[in-house]
Amino acid sequence: MKAVVKTKKGIGNIEVLDMPEPRVGPGQVKIAVRAAGICGTDLHIYYDEFPNRPPVILGHEFSGVVAEVGEGVEWLSPGDRIVAQTSAVTCGRCRYCLTGSIAMCRERRGIGFGVNGAFTKYIIVPHQIVHKVPEAVDDLSAAMTEPASVAVHSAIERVPVAAGDRVLVSGVGTIGLLILQVAKAQGATVLVAGTSLDRARLELAKSLGADHIINVQEQDVVNVAMDLTDGEGVDIAFECAGAAQSYNACLKALRRQGTLGMVGLYGKTFEAENELIPMKELQVIGIYGHIWVTWRRALTLMAKGMIKTRPLISAVLPITRWEEGFRQLEAKEGVKYLLQPVD
Ligand SMILES: [Zn+2]
Ligand SMILES: [Zn+2]
């Protein structure tokens, strides 16, 4: 089967190779991939800025159909439409595994960088991380359950947004556009900030319910946030851009005792105005991945139309055109590119 593989360490080193079709073992599920999204993390893997274990098939955001179940898996049958969490290998005995935060397990190996991923025809996962997809969610929308889960983990579980909260979402990629929708579903007023490169994404944010959109090259995000909150500052800011400027703007735009949710990855050190954290008694909460219940929450919100993933899909490409999707994502053309397997 054809697969998009990171062949060795270093920048690039990604190609389409013929890989053997995997065989299902006890407790495992063989999934026929329907669609798999290209994520910012995949770009970091391209540049070798994110831990990965080559040779490995990329792709961790996907939907599919059960092709075969291994011994002992009774709750799934061939044909079931499913999605899967990304922590494919965990130790099962540490404090994180036993309290449900499997993404924090020190022995975790994630799908699409630690073990083979979904930019191919078939993928094998342990049945414990599989979730059935509700009828109301189509295959392409379902392929974005993973980023939707990151948004739910951010704005419901790690930094719970309450009705009436004033929330700044800084960074308008997939995660920013999904956190916007979760915060709106919770009853918040939401400001979304992006750059001139994000012009189309900001318009999309508007159509997805953003109360205010801010182009940071035309308007000062801190001034706008202050104006909209009677000079107080926002209650919560989600930093989703993974950029120093955005991080510092969030610290400044927050009200005293406000909360910063950090979702973006920076890949480097940077100048930060951290003095504001003690001065304003800010809380800073790191956000990584999701837990089991996050997926149920995300799929429910998607089925009810409160998280819309479909409008984020810019194109669906065969995996052989992966490079095009990577390039467009990097150039911030569109939002989400999905890949589909080829024979
Ligand atoms: Zn991702
Ligand atoms: Zn563990």
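**Figure 1. Strands β3 and β18 meet side by side in this predicted model.** Strand β3 (residues 28-37) lines up with β18 in the antiparallel sense, and two bridges hold the pairing. To find the spot, look for Gly37, which sits opposite Leu338 of β18. Is β18 mostly covered or not? Mostly covered: this strand spans residues 336-340, and four of its five residues are buried.

**Figure 2. Strand β18 also pairs with β17.** Here the two strands run parallel, with five bridges joining β17 (residues 313-318) to β18. Leu317 has Leu339 of β18 as its bridge partner. Now follow the chain between the two strands: β17, helix α11 (residues 322-330) and β18 together make a β-α-β unit, and that unit is right-handed.

**Figure 3. Strand β15 has parallel partners in β14 and β16.** Start with β14 (residues 234-239), which pairs with β15 (residues 254-262) in the parallel sense over five bridges. In this pairing, Ala237 faces Leu260 of β15. How does the chain get from β14 to β15? It goes through helix α8 (residues 244-253), in a β-α-β crossover that is right-handed. Then there is β16 (residues 283-286), which runs parallel to β15 and is joined to that strand by four bridges. Look for Gly261 here, standing opposite Ile285 of β16.

**Figure 4. A look into the largest nonpolar core.** This core has 100 residues, and among those with the most contacts inside it are Phe119, Leu168, Leu180 and Ala253. Which helix gives the most to this core? That would be α5 (residues 174-185), with seven residues. Both domains chip in too: at least three core residues come from domain 1, and at least three from domain 2. Zoom in on Leu180 and, leaving out residues up to four places away in sequence, you'll find that it touches Val169, Val190, Val192, Ala205, Leu208, Gly209 and Ala210.

**Figure 5. Pro311 and the residues around it.** Pro311 belongs to the loop between α10 (292-303) and β17. Is this residue buried, exposed or partly exposed? Pro311 has 14 C-beta neighbours inside 10 Å, so it counts as partly exposed; being called buried takes 20 or more. If you skip residues up to four places away in sequence, Pro311 touches Leu204 and Leu208. Ser207 is 104 residues away from Pro311 along the chain, yet the C-alpha atoms of the two are separated by 9.6 Å.

**Figure 6. Where the two domains touch.** The protein splits into domain 1 (2-144 + 309-340) and domain 2 (148-286). Notice that domain 1 comes in two stretches of chain. The centres of the two domains, taken over C-alpha atoms, are 28 Å apart. How many residues are in contact here? On the domain 1 side there are 10, and they are in contact with 11 residues of domain 2.

**Figure 7. Stepping back to see the whole protein.** After all those close-ups, here is the full picture: 11 helices and 18 strands. The radius of gyration is 20 Å, close to the 20 Å the globule rule gives for 343 residues, so the protein is as compact as a globular protein of that length. Its C-alpha atoms fill a box of roughly 60 × 35 × 35 Å along the principal axes. Of the 343 residues, 46% are buried. And if you take contacts between residues at least 6 apart in sequence, 67% of them join residues at least 24 apart.

Terms used. Residues numbered from 1 in each chain as written. Chains lettered and ligands numbered in written order. Predicted model: local features only at pLDDT ≥ 70, side-chain atom pairs only at ≥ 80, totals over all residues. Buried ≥ 20, exposed ≤ 12 C-beta atoms within 10 Å, placed from the backbone. Pairing = 2+ DSSP bridges. Right-handed = clockwise from strand over helix to strand, strands pointing away. Core = buried A, V, L, I, M, F, W, Y, C linked by C-beta atoms within 7 Å. Domains from an automatic or database assignment. Contact = placed C-beta atoms within 7 Å. Rg over C-alpha atoms; globule rule 2.2 N^0.38 Å.
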